[in-house]
Amino acid sequence: MSDRLKIILLLLPAMSVIVLLFFGGLLIGLMRSFNYMPVIGLTEPNLQAYVNVFTNEEFYWSFLLSFHISFTSTLISCVLAVGAALLLRRAFIGRAVINFLFQLNLTVPHLVGAIGILYLFSQSGVFARLAAEVDLIQRPADFPAMVFDPFAIGIILQYVWKEVPFIGVIVLANMQALGENYESVARSLGASKWQTFRHVLLPLIFPGILSASVIVFAFTFGAYEIPALLGANYPAALPVLAYRSYTDVDLAARPEAMALAIIIAILSAVMIFIYIRYSRKRVRS
Amino acid sequence: MTHVSIQELTKVYPGADAPALDRLSLEIASGELTALLGPSGCGKTTTMKMIAGLLEPTSGDVRFDDRSILRDKPEHRGVVMVFQNYLLFPYMSVADNVGFGLKMRKTDSAEIKRRVGEMLDLVKLPDLGDRRPSALSGGQQQRIALARALIVQPEVLLLDEPLSNLDAHLRFEMRDLIRSLQQEMGITTIFVTHDQEEAVVLADRVALILDGQMKQYDRADVFYKRPVDEATARFFGGHNFIPGKSAGGIFDGPLGRLSLADGAVEGAGKLTFRPENVRVGQGDGNNLSAKVADVIYLGTQTRLKLRVGETEIDAVVNPNEVEGFKPGDTVPIHLPPQTLWVIS
């Protein structure tokens with residue numbers, strides 16, 4: 001058997017799953033978004049669903065909200081993760097324990113995290129009651145709105161809580177593989193601690209940060225459950241909007257749901273492309 | 001020009017039984033090129049890192065022109081360290097690598113460009129400024145690392161095994177480059193190496209460190225002629241150590257009475273001489289009759305294992321002198337008195 005054939009055969013199982021599920025799903029979604037659904041007698045493709053989506057004001061608010069959620073969560077997570085990795089790579093007593101605790105919530109599902117946020121930060125949650133108990137506020141309901149709020153604070157908190165260890169683990173592995181000699185060189189050439197971080201360590205770990213943050217951004221932009229649980233009713237995040245149309249009693253709303261899903265996919269691809277293009281140039285200068 | 005004084009420098013790593021470096025004292029004259037020589041793990045890299053400020057000493061002091069630098073941050077010490085594996089920043093062009101130190105000092109970019117050009121000329125790689133480090137050979141990377149260090153005009157330059165990653169034919173080229181740059185710029189330079197050849201070839205003076213302690217600090221040739229003890233002599237390839245007693249310029253031992261050079265140590269000790277100083281044939285004094293135990297041809301030289309009575313002697317001689325020698329032959333040899341040395 002030729003090497004080429006072997007490679008093709010070995011890749012086939014994985015590739016067929018990807019092609020069938022991913023591209024198959026995408027294709028069906030695409031067809032439905034064009035109002036092409038022979039089962040219920042729609043056989044004339046058209047762009048009506050897209051027109052409906054783009055003429056609906058809520059779509060634009062939802063896009064802004066989703067972008068804000070993803071951008072802010074990714075940015076805060078990256079900064080905190082790099083900071084944590086910088087601390088965790090040092091040798092100190094109890095490092096193994098701290099390291100374990102740091103990575104612990106990698107295994108906790110997002111939904112559980114969301115319930116935690118509800119318990120702790122909602123206006124009837126633990127912190128609200130505590131604040132009322134110690135007379136910081138009069139009633140628990142006076143607690144600042146951090147869940148179901150227009151700025152999506154609760155959602156961002158949940159994502160940050162969950163993604164910091166994810167990015168942190170990648171960045172930490174990256175830093176440990178590099179060792180500290182590059183930084184030693186920079187220091188001895190006259191770079192201050194900050195310059196060493198900015199001009200040497202950051203560019204060196206940047207590939208790790210880049211891939212981790214792309215994953216986080218794409219995930220948070222397309223994820224449904226956390227905004228559904230912790231988000232305000234209006235505007236809703238894009239995936240929530242899509243799901244609402246999908247479960248609408250009116251079957252005719254389904255093409256709109258599919259159009260939204262396709263738009264979400266295209267938007268994340270475009271934003272990630274722009275991000276990779278420009279951030280690489282800026283960091284490595 | 002900076003005089004470097006290392007005083008009782010000691011490093012004990014947390015949890016270690018023995019110090020990694022034990023009270024090292026060295027005076028390095030300004031502009032001198034000094035080698036710290038020793039096997040791996042003997043404390044030489046620890047010493048360099050402490051001078052560079054990358055590691056805190058447990059005790060002792062490092063002084064530049066009589067001013068302690070231990071409180072200075074690494075970036076303010078005027079010390080630059082060049083690592084063994086060069087560590088050029090992979091995401092920068094060669095020119096940006098060379099100009100890094102100046103950029104950190106906020107030198108303006110036209111000036112950086114001009115001086116980077118000068119440095120690249122100096123290390124004889126004027127056309128490589130736009131390349132990535134990964135596109136350079138090992139020898140070229142080494143030169144760029146050197147240029148990157150020298151552009152900031154350090155008072156003291158530290159080199160970690162500067163020749164050991166290079167092919168044999170590049171070593172002499174690099175040696176000449178390092179020596180000429182170092183002398184031209186008058187930079188006091190310290191390098192560490194585990195390779196005695198590298199130390200001998202490059203350094204004005206060599207400090208031999210064994211097990212965290214300095215054994216001897218001298219010009220390179222002294223280590224061959226006048227080693228302080230057996231470990232030092234062995235590190236430099238010494239093989240012959242014969243116990244006995246030295247008195248009044250005569251060494252009395254299993255080889256009989258041998259005359260010594262002036263200034264030899266008196267009392268009980270070991271006689272030592274270099275294998276290459278054993279002469280075949282009769283000569284002035286110290287003539288012996290030896291039995292050939294083995295002849296090992298090494299190409300440019302021949303190693304003879306000889307026996308005088310019960311004592312084994314290692315000799316390295318010119319192959320032409322010993323053509324036809326076979327194990328079992330008895331041959332005359334002599335040991336020139338000025339090549340004999342007694343260690344206590």
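Let's start with how chain B is put together: among its contacts between residues at least 6 apart in sequence, 67% join residues at least 24 apart. Keep in mind as you look around that this is a predicted model. Chain B holds eight helices and 20 strands. Its C-alpha trace spans about 75 × 45 × 35 Å along the principal axes. Of the 344 residues in chain B, 52% count as buried. The accessible surface of this chain comes to about 15500 Å², and carbon and sulfur atoms account for 47% of that surface.

Two loops of chain B deserve a stop for their backbone geometry. In the loop between strand 4 (59-64) and strand 5 (67-68) you will find Asp65(B). Its phi is near 45°, a positive value in a residue other than glycine. Asp65(B) has a relative accessibility of 44%, so it counts as partly exposed. The second stop is Glu161(B), in the loop between strand 7 (156-160) and helix 5 (168-185). Glu161(B) is not a glycine either, yet it has a positive phi of about 45°. Is Glu161(B) buried or exposed? With a relative accessible area of 8%, Glu161(B) is buried, because the cut-off for buried is under 20%.

Now turn to the place where the two chains meet. The contact draws 24 residues from chain B and 19 residues from chain A. About 1900 Å² is buried between the chains, with carbon and sulfur atoms giving 66% of that area. On the chain B side, the residues that lose the most area to chain A are Glu75(B), Tyr91(B) and Met104(B), and together they make up 34% of what that side buries.

Glu75(B) is worth a second look here, since its side chain meets that of Arg187(A) in a salt bridge, at 2.5 Å from N to O. How many salt bridges does the rule find across the interface of chain B and chain A? It finds one. Five residue pairs are in polar contact between the chains, with both residues at pLDDT 80 or more. As for the elements involved, strand 6 (79-82), helix 2 (94-104) and helix 4 (138-150) of chain B each supply at least two residues of the side that touches chain A. Helix 2 of chain B gives the most to that side, with four residues.

Moving over to chain A, look at Pro235(A), which sits in the loop between helix 10 (225-230) and helix 11 (238-246). Tyr234(A) and Pro235(A) are joined by a cis peptide bond, with omega at about -10°. From this loop you can step across to Ser62(A), which lies in helix 3 (residues 57-88) of chain A. Leaving aside residues up to four places away in sequence, Ser62(A) touches Pro235(A), Ala236(A), Ala237(A), Leu238(A) and Leu241(A). Ser62(A) counts as buried because its relative accessibility is 0%.

Finally, let's visit the surface of chain A. Which residues make a nonpolar surface patch of about 730 Å²? The patch consists of Ile7(A), Leu11(A), Met15(A), Ile18(A), Val19(A), Phe22(A), Phe23(A) and Leu26(A). To find this patch on your screen, you can begin at Ile7(A), which is placed in helix 1 (residues 3-33) of chain A.

Terms used
Residues are numbered from 1 along each chain as its sequence is written. Chains are lettered from A and ligands numbered from 1 in the order in which they are written. This is a predicted model: local features need pLDDT of at least 70, side-chain atom pairs count only at pLDDT 80 or more; totals for chains, interfaces and linings use all residues. Side-chain values use heavy atoms; hydrogens and water are left out. Patches are made of residues with over 30% relative accessible area and no salt bridge: like charges are joined within 9 Å, nonpolar side chains (Val, Leu, Ile, Met, Phe, Trp, Tyr) within 5 Å. Accessible areas come from the Shrake-Rupley method with a 1.4 Å probe; for residues, only the protein chains shown count as cover. A salt bridge is a side-chain nitrogen of Lys or Arg within 4 Å of a carboxyl oxygen of Asp or Glu. Buried means under 20% relative accessible area, exposed over 50%, partly exposed in between (1.4 Å probe, protein chains only). Contact means heavy atoms within 4.5 Å. Buried area is the accessible area (1.4 Å probe) that two parts lose on being put together, summed over both. A polar contact is a pair of N or O atoms within 3.5 Å; within protein, one must be able to donate a hydrogen and the other to accept it, and residues adjacent in sequence count only if both atoms are side-chain atoms.
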